[in-house]
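Me: Please take a close look at a single part of this model and tell me how it fits in with its surroundings. I'd like one connected account, with the cut-offs spelled out.

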Amino acid sequence: MFKHMKNIVLFIIFLCTILLSDLVDAKDKVVTNLIYTEKGLAGKQIMTKVSDTQYQGSLDVRWNNRIFKVDEKVTVNANGTPTTYESQGVSPFGAPIKESFHWQDGIATWESSKDDGQIKLTEESVYLPANSAIVVDNLMVQAMLKSLDNSIDLLPSGRAHLTKLKTATVSNGSGSSEVILYAINGLGFSPDFSWYDSKGNFFAKDISGFLRIIREGYSLDDFTTLQTIQNAAEQKYLEGINKKLSYKYSKLLIKNVQLVDVINSTSIKNTDVLLNNGKIEKIAKNIKHEKSVATIEGKGKTLMPGLWDMHGHLGKNDGLLNIAAGVTSVRDVGNNHKNIMEIEQLFNSNTLIGNRVFRAGFFDQMSEYSAGLSVESLAEAHEKIDWFADNGYLQIKLYSSIDPKWVASIADHVHRRGMRLSGHIPAFMTAEQAVHSGYDEIQHINMLFLNFLAGTELDTRQQLRFTLIGEHAGDLDINSKEFNDLVKLLADKQIVIDPTVSTFRSLLLKERKKIDPEFSAVAKHLPPNVLRQLKGAEMNVAPDLLDNYQAGAKAMSNLVKKLYDSGVPLVAGTDNIAGFTLHRELELYAQAGIPNIEVIKIATINSAKLVGAAYELGSVSEGKFADVILVDGDPLTNMNDIRKISLVVKGNHFYKPDELYKVLGVKPFTVSSGFH
């Protein structure tokens, strides 16, 4: 699972730019921040003030068999602006970190795994490291507090702005602290919300219920108090966008449009579709209507069902990205219960702009490699199954540390409770064994390759589950008898595969100083600091293995086509940046040779059927909910057109993607449709 509780890329962006620590008083030379997951303490940030002009910082966070470690040294001038920066460490998927920045005689020079450059500065700017541990981020915040407009220019590009939102007081055994909640714009798609003390030093932050960060010496009870205030502030911000950019309608007529009929695998030319109070009322040519009915001319456009992302880990901000991209439904396959229940209520009630939510429960077995909610016994696993069933979850997703001997018992219980079982294939178990033990679905295409590359011998809780694919998947013969037998088993038992090919390609194919090829088609549309984080390698790949990794990426696409040809059910999911990744996933399916109409069916009606919602969603059919998207182009002939969405309707509300993208700092792909 690459995006747990939040898109992993956004999570790394946060750690690279916002995980801060206290700039200490003269008497306090070392300050520590503590970072928690659901399993407990996951890491620390430690900053040492060496002198008035020198600082050292470190970040060490460990979760889900990932290690993010950075050590840095920073020198500042009399104004507190960084003049030198040096860091080294390791990124979460193993790529080495080495970065430097120097500002001397008005010339700023930098080099990192993301990029390098040189520029002549006429005024002070703050260099934003690609992988900061602590220090520079704090200096950036303090520089904004000193600025007349609370803004600061950033290097290599962009501008950050600080807004004060709320003040609170928290206490520990030695006294109390006044802390302030700020929103920082300019670092990502949406503002970052974090707590700082009265001197402008980082104090605490909640990251979608997945990570909890608070200064050492303060309790998680203090954190809960601040978390409640932070979440309310985030919600207020998003509610403001909803009030401005969400439009309720009574009747809406789309005329002369090409309609994608996913039920009959065809298209209907030059037809009209009438939407009435959130439902599809009529589909016909030349529909008669009152003059007061809002009308959109659909000539040259394509009307489709809203898209489905079947592998999400939702945060509140993902709703904007999804709706702008035409993703009207998301299956969340692993989240904090409180977080996902709140998101479901806010999105489904249209309090915030967001997709419909379908929930899968998630748990692992406690180990040094386990992720998220973890159980310590099979009996506790059964208790969790009942809890998820009683709380309305549709299925259970297992993770890599589950004891293979537990799977059959877990599957029986899950099925008795009317749910489906899916997940990673546990370590020391094969995909074939998991299917025979009761799996209904497998997350991630790599698990099928590991059936042969790892077998029951290798510990795939470790990063072997990624490196084995890069080094050896291209050497496997997917048309061998052994592979054909596995694929036939999947087809015979109708085991659903959730490939997330795009996200694996990002892991395998990203290279130093180059843009992730999975986002190259949208690169010019993205905010500068988001784009920068999409540069550089994720994994530490030896130069002589680059061809192997290319072959591994190609093998994944070939296998997706083979699964489709063999009748194995597929669903399209992301596990990465919301919206954009789904478009790329569908594009990859089409490039692999799956017919475009079938790709669209995978991302619409087939997904709706899987979660039991096809009676009301998943197709443009009379009587169903009006979850539809209008595309400027024809995805039936060119899947790239799927990005050019000019209107999104979810139930009785519609949205203009160009307006939503502008709020997110994204250059729109097309102009929203006009009304008559």
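**Strand S17 and its partners**

Reply: Happy to! Let's start with one pair: Leu252 has Ala294 in S20 as its bridge partner. This is a predicted model, in which local features need pLDDT of at least 70 and side-chain atom pairs count only at pLDDT 80 or more, while totals for chains, interfaces and linings use all residues. Residues are numbered from 1 along each chain as its sequence is written, and side-chain values use heavy atoms, leaving out hydrogens and water.

Strands here are DSSP runs of E with at least two residues, numbered from the N terminus; two of them pair if DSSP finds at least two bridges between them. S20 (residues 294-297) runs parallel to S17, joined to it by 4 bridges. A further parallel pairing links S17 with S21 (residues 302-305) over 2 bridges, and there Leu259 is matched with Leu303 in S21.

The pairing with S18 (residues 266-276) is antiparallel, and it covers 8 bridges. Val257 has Thr271 as its bridge partner in S18. S17 and S18 form a hairpin with 4 residues between the strands, where Ser265 adopts a positive phi near 55 degrees.

How much of S17 (residues 251-261) is buried? The count is 9 of its 11 residues, making the strand mostly covered. Buried means under 20% relative accessible area, against over 50% for exposed and partly exposed in between, using a 1.4 Å probe and protein chains only.
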